[in-house]
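Please look at the sequence and the structure shown here before reading on. The paragraphs that follow lead from the ligand to the strands and then to the interior.

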Amino acid sequence: MEGNGNNNDFFIIKAKDNGVHVIGLTRGQDTRFHHTEKLDKGEVMIAQFTEHTSAVKVRGKAIIMTKFGTVDTEE
Ligand code: TRP
């Protein structure tokens with residue numbers, strides 16, 4: 001994994017509801033969705049920022065854990 005701003009920390013998304021979407025946005029000049037993962041209640045996704053992914057959008061009720069702390073999308 002290169003070109004990702006030398007950060008290979010993982011982050012965790014835990015769905016609190018069915019139909020939570022984790023959307024990866026492309027790195028570089030062009031910012032667009034490149035992957036949408038649908039999580040159902042209780043499902044967990046563990047991911048990283050990569051050379052392909054510079055941002056992530058989470059849609060729905062979920063808990064997001066990063067090294068900066070934990071965020072609940074409902075709060
Ligand atoms: N193929 C993608 C990548 O290497 C997989 C991925 C990594 C991803 N992190 C993500 C997809 C976050 C969605 C959200 O970048």
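The shell around the ligand consists, by class, of three nonpolar, six polar and one charged residues. The model in which this shell is found is a predicted one. The residues that surround the ligand are V22, G24, H35, E37, A47, Q48, T50, H52, T53 and V56. Four elements give two or more residues to this shell, namely β2 (20–26), β3 (33–39), β4 (44–48) and β5 (53–59).

How are β2, β3 and β5 arranged? These three strands form an open sheet in the order β3-β2-β5, and the pairing is antiparallel. At its edges stand β3 and β5, each of which pairs on one side only. From one strand to the next, the twist averages 20 degrees. Within this sheet, the antiparallel pairing of β2 with β5 extends over six bridges. One residue of the ligand shell, V22, has V58 in β5 as its bridge partner.

The strand β4 belongs to another open sheet, which has four strands in the order β4-β1-β6-β7 and antiparallel pairing. Which strands stand at the edges of this sheet? They are β4 and β7; each has a single partner strand, so one side of each is left without a neighbour in the sheet. Here, too, the twist averages 20 degrees from one strand to the next.

The pairings inside the four-stranded sheet can be followed one by one. Strand β1, residues 10–15, pairs with strand β6, residues 62–66, in the antiparallel sense over four bridges. Along this pair, I12 has M65 in β6 as its bridge partner, and A15 stands opposite A62 in β6. On to the next pair: β6 and strand β7, residues 69–72, are also antiparallel and are joined over four bridges. There I64 is matched with V71 in β7. With two residues between them, β6 and β7 form a hairpin.

A closer look at β1 shows how one residue of a strand is placed. F11 lies in this strand. Is F11 buried or partly exposed? F11 has 18 other C-beta atoms within 10 Å, and because a residue counts as buried at 20 or more and as exposed at 12 or fewer, F11 is classed as partly exposed. Apart from its neighbours within four places in sequence, F11 is in contact with A47, I64, M65 and T66. Among these contacts, A47 is also one of the residues that surround the ligand. G24, another residue of the ligand shell, is 13 residues from F11 along the chain, and the C-alpha atoms of F11 and G24 are separated by 13 Å.

The interior remains to be described. In soluble globular proteins, nonpolar side chains tend to be buried together. In this model, the largest nonpolar core has six residues, which are I13, A15, V20, V22, L39 and A62. The elements that give two or more residues to this core are β1 and β2. Two members of the core, A15 and A62, are the residues that stand opposite each other in the pairing with β6. Residues up to four places away in sequence being left aside, A15 touches V20, L39, D40, K41, G42, E43, G60 and A62. Among these, V20, L39 and A62 are members of the core as well. V22 links two parts of this account, as a residue of the core and as a residue around the ligand.

Definitions and conventions:
Residues numbered from 1 in each chain as written. Predicted model: local features only at pLDDT ≥ 70, side-chain atom pairs only at ≥ 80, totals over all residues. Near = placed C-beta within 6 Å. Nonpolar A, V, L, I, M, F, W, Y, C, P; charged D, E, K, R; others polar. Pairing = 2+ DSSP bridges. Core = buried A, V, L, I, M, F, W, Y, C linked by C-beta atoms within 7 Å. Contact = placed C-beta atoms within 7 Å. Axes fitted to C-alpha atoms, helices over the stretch in contact; angles between N-to-C directions.
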